[in-house]
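Trainee: I keep seeing labels like "buried" or "tilted" attached to residues. Could we go through one case and check where the labels come from?

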Amino acid sequence: MSIEIKNITKRFGKFTALDDVSLNIPEGQLTALLGPSGSGKTTLLRVIAGLERPDQTEPLPLIKLQGIDVSTTPVGARGLGFVFQHYALFRHMTIFDNIAFGLQVRPRKTRPSRKAIQSRVRELLKLIQLEGIENRYPSQLSGGQRQRVALARALAVEPKLLLLDEPFGALDAKVRLELRRWLRRLHDEIGITSVFVTHDQEEALEVADLVVVMNKGKIVQEGTANEVFHNPANEFVMQFLGHVNLFHGRVEEGKAVFGSMAVEQPGAPNGSSAKMFVRPYEVQISRTQSESAIPAKIVRIQSAGPQVRIELTDPSANIIQADIPHTEFRELKLNIEEHVFVSPRRARVFVADYSI
């Protein structure tokens, strides 16, 4: 099921949760709505579901599912499944009955037979890898198991669209990692169009086909994980998607100057302030000074992890973080208090309304 929304605005009192938002999601994709708290991502998900209605009448807001306008269609008639952050399972029902609930409460004319319901639930129990514990109650399950049951309940009614509101937000880091990989495999298997809300950048970049970055009620960038991470549209996206080192400078004769470093910036007005962003893994450390290198002193070394994290300070006491492979660290034989030189392998510069 494809999704098309256009000119959606939603306010809560004086707070604008969505500000003239438009978005197209192709059929079969797993899409992440990513942003900080208050960015509008959950409100957008609820508007798609029909749990919230847009405010404005002009321009006419539009919500289309598979080409059909559902702007005034009740949530129960939109053919979707919704998974909440805190599971929302029925505590007095077994796992089997929780999953079967959506089928059992259908009107008699559309309700499957008892045998068909049992078959569907068993199929879903196998899918979520919880066979053999269908007679347990939610309180007897782990958080990860409860979230899988909530997902199976949403899938039981065979929705054309699956919506998930921070589905792993209440789980610990290890379980989150396992479940998001499981969700990706599940999506590849069943192929249903899915939209999930998250504020976890790593989660969105690892799982989603399409990443929609939101801030202050607007969509600031959308694209594949590679596109939004490696080609951020603005400073917000650059800073929000992972750790960055920030350098301040000014434009001088068509170049953004940062101490001894200069980056071509054609057309930018002289005297404009400039910001250069460098991700830690793009920082190169050397004992030899080059034209673009900055002198720095090593103040901390953290070697536990897949890379060695090195914290340095420049002459202005600004902190610089560098992440280097263990093999490179062993070759350099770096030490705390040692004076070295750092330079960016790749940088992103933003100047006023200009960027490269």
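Mentor: Sure, let's take a few labels one by one and set each against its cut-off. Keep in mind that this is a predicted model.

Trainee: Start with Glu166. Why is Glu166 said to have no salt bridge?

Mentor: The nearest side chain of opposite charge is Lys41, at 4.5 Å. A salt bridge needs the Lys or Arg nitrogen within 4 Å of a carboxyl oxygen, so Glu166 goes without one, although it is buried.

Trainee: What makes the link between Glu166 and His199 a polar contact?

Mentor: Their side chains are joined at 2.8 Å, and the limit for such an N or O pair is 3.5 Å. Glu166 itself sits in the loop between strand S7 (161-165) and helix H5 (173-190). Leaving out residues up to four places away in sequence, Glu166 touches Lys41, Gln85, Val197, Thr198 and His199.

Trainee: On to the rings. Why is the pair of Phe90 and Phe101 called tilted?

Mentor: The search of the whole structure finds four aromatic pairs. In this one the centres are 4.7 Å apart, with 55° between the planes. Stacked means under 30 degrees and edge-to-face means over 60, so 55° leaves tilted.

Trainee: And what does the pair of Phe90 and Phe101 tie together?

Mentor: Parts that are eleven residues apart in sequence, because Phe90 is in the loop between strand S6 (80-83) and H2, while Phe101 is in helix H2.

Trainee: How do you know whether Phe90 is buried, exposed or partly exposed?

Mentor: Its relative accessibility is 28%. Buried would be under 20% and exposed over 50%, so Phe90 counts as partly exposed. Phe101 is also at 28%, and it counts as partly exposed too.

Trainee: Which label fits the ring pair of Phe277 and Phe350?

Mentor: Their planes are at 70°, with the centres 5.8 Å apart, so this pair is edge-to-face. Phe277 lies in strand S14 (residues 273-278) and Phe350 in strand S20 (residues 348-351), so the pair ties together parts 73 residues apart in sequence. Both Phe277 and Phe350 are buried.

Trainee: Last one, the sheet with the order S2-S1-S4-S5. What makes S2 and S5 edge strands?

Mentor: That sheet is open, has four strands and pairs them antiparallel. Strand S2 (15-25) and strand S5 (68-69) each have a single partner strand, so one side of each has no neighbour in the sheet.

Trainee: How do you know S1 and S2 really pair?

Mentor: Pairing takes at least two bridges, and S1 (residues 3-12) and S2 have seven, in the antiparallel sense. Ile3, for instance, stands opposite Ile25 in S2.

How values were computed: Residues are numbered from 1 along each chain as its sequence is written. This is a predicted model: local features need pLDDT of at least 70, side-chain atom pairs count only at pLDDT 80 or more; totals for chains, interfaces and linings use all residues. Side-chain values use heavy atoms; hydrogens and water are left out. Helices (H or I, at least four residues) and strands (E, at least two) are DSSP runs, numbered from the N terminus. Buried means under 20% relative accessible area, exposed over 50%, partly exposed in between (1.4 Å probe, protein chains only). Lys and Arg count as positive and Asp and Glu as negative; His and the chain ends are not counted. A polar contact is a pair of N or O atoms within 3.5 Å; within protein, one must be able to donate a hydrogen and the other to accept it, and residues adjacent in sequence count only if both atoms are side-chain atoms. Contact means heavy atoms within 4.5 Å. Rings of Phe, Tyr and Trp (its six-membered ring) pair if their centres lie within 6.5 Å; planes under 30 degrees apart count as stacked, over 60 as edge-to-face and the rest as tilted.
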